[in-house]
Amino acid sequence: MTNVPGFYSAEDLYVTLNTTEETLENGTLVKETGGYGNTGNVKFAKVKSRSKAKLKNIEGVELVEEQIYEERVTKSRDAYWAVMWTVNGAVVPSMKVLEAWNLGYSGRGIYIAVVDTGIDIYHEDLRVNMLSSYHYDYVSDDADPSPVEGETHGTNCAGLVGAEKDNNICIAGIAYNANLVGIRLINDVGTTDLMEGNALSHRQSIIDIYTNSWGSEDGHGFSSIRTLTSAAIEKGIRTGRNGKGTIYVFSAGNGGLDDNCNGDAFTRSRYIITISSISSNGFSANYAEVCTPVLAVAYGGGGGTNKYLHCSDAGHIQFLSRKLLLLNPKTNQIPSAMAA
Ligand SMILES: [Ca+2]
Ligand SMILES: [Ca+2]
Ligand SMILES: [Ca+2]
């Protein structure tokens, strides 16, 4: 058992006394002088090598307790922590995010591109982690990825991934120390092969993970990744992350049982990690699609329960892909057994 210098050691017993006496009658009590544990006449004292039962019988002793070290995990001081059921341990089984944080996995040093409808570059919970000089807008072809007014999907996704932790604002992102790069791609008109290819190869030598909560329109059958985009992704998985392969993650889709992500161009690619969503009761979310490419599921909102998220899965997708990176950091993209 670990000893904390100058403080507890687990072999010692500690007693709480309701007496002003500083020693017990047989002289075995050693009064602590550290200044902690004294409240009025109650004294908190360290006692060497006596059985609990014997100590409890001594007049004035109220409580005898061995000080046991129990594992504790980092939580969050953010406004919505109490309702962050997907990560705060409120549901079972838990995604063990707290445990991962406690092991030091916070996204530090990782560059994550959020390819979506754009990011609110002034958001107070994202500011610290955003790499402004790396942002890009492939819809308007400029360096400002701000979404159109009222569009919040990309900002929500970015928050789930990398919102600042412990700042008393909003939420804590799953990878709260990651570097966020905002890429605006999704818009009302549509996206070309060139736009998609550019977005998914944007700063490819630097970006570790491209997280994508978008895809083919639901209910349109089979589609394929187009030429330039396919080349961009293939280059990423072969040369990205210094040869270990860029991580591309897509959500399985929101088409529910009316659609099937086997047909979606991106989710069915062997180069892409596809993540689906389960609700707080452990069953498929009612919008989740079923298909063989799904590599893992993560908690998302809705699905017949009253628990919701704004953006169903991007943050958890990133978390899972980060875990994959950690599990197999030298792998060249996805282990073959996982390739769909
Ligand atoms: Ca712009
Ligand atoms: Ca926050
Ligand atoms: Ca779909």
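Here is a short exchange about a predicted model and the reasoning behind some of its labels.

User: Why are β6 and β11 called edge strands of the sheet?

Analyst: The open sheet has 7 strands in the order β6-β7-β5-β8-β9-β10-β11, with parallel pairing. β6 (136-137) and β11 (294-299) each have a single partner strand, so one side of each has no neighbour in the sheet.

User: What makes β6 and β7 a pair?

Analyst: Pairing takes at least two bridges between two strands. Happily, 2 bridges join β6 to β7 (residues 179-184), and the two run parallel. These strands therefore count as paired. Across them, Asp137 stands opposite Arg184 in β7.

User: Which strands does helix α3 lie across, and at what angle does it run to β5?

Analyst: Helix α3 (residues 153-162) lies across β5 (111-116), β7 and β8 (209-212), and runs at about 155° to β5.

User: How do you know which elements the predictor is confident about?

Analyst: pLDDT is the predictor's confidence on a scale from 0 to 100. Among the elements of the chain, β7 has the highest mean, 98, and helix α6 (residues 314-327) the lowest, 43. Over residues 310-340 the pLDDT is below 50, though this stretch has 79 contacts in the model beyond near neighbours in sequence. For the chain, the average is 78, and 70% of the residues score at least 70.

User: What makes a residue count as buried, and what share of the chain is buried?

Analyst: The cut-off is 20 or more other C-beta atoms within 10 Å of the residue's own. Buried residues make up 43% of the 340 in the chain.

Notes:
Residues numbered from 1 in each chain as written. Chains lettered and ligands numbered in written order. Predicted model: local features only at pLDDT ≥ 70, side-chain atom pairs only at ≥ 80, totals over all residues. Helix = DSSP H or I, 4+ residues; strand = E, 2+ residues; numbered from the N terminus. Contact = placed C-beta atoms within 7 Å. Axes fitted to C-alpha atoms, helices over the stretch in contact; angles between N-to-C directions. Buried ≥ 20, exposed ≤ 12 C-beta atoms within 10 Å, placed from the backbone.
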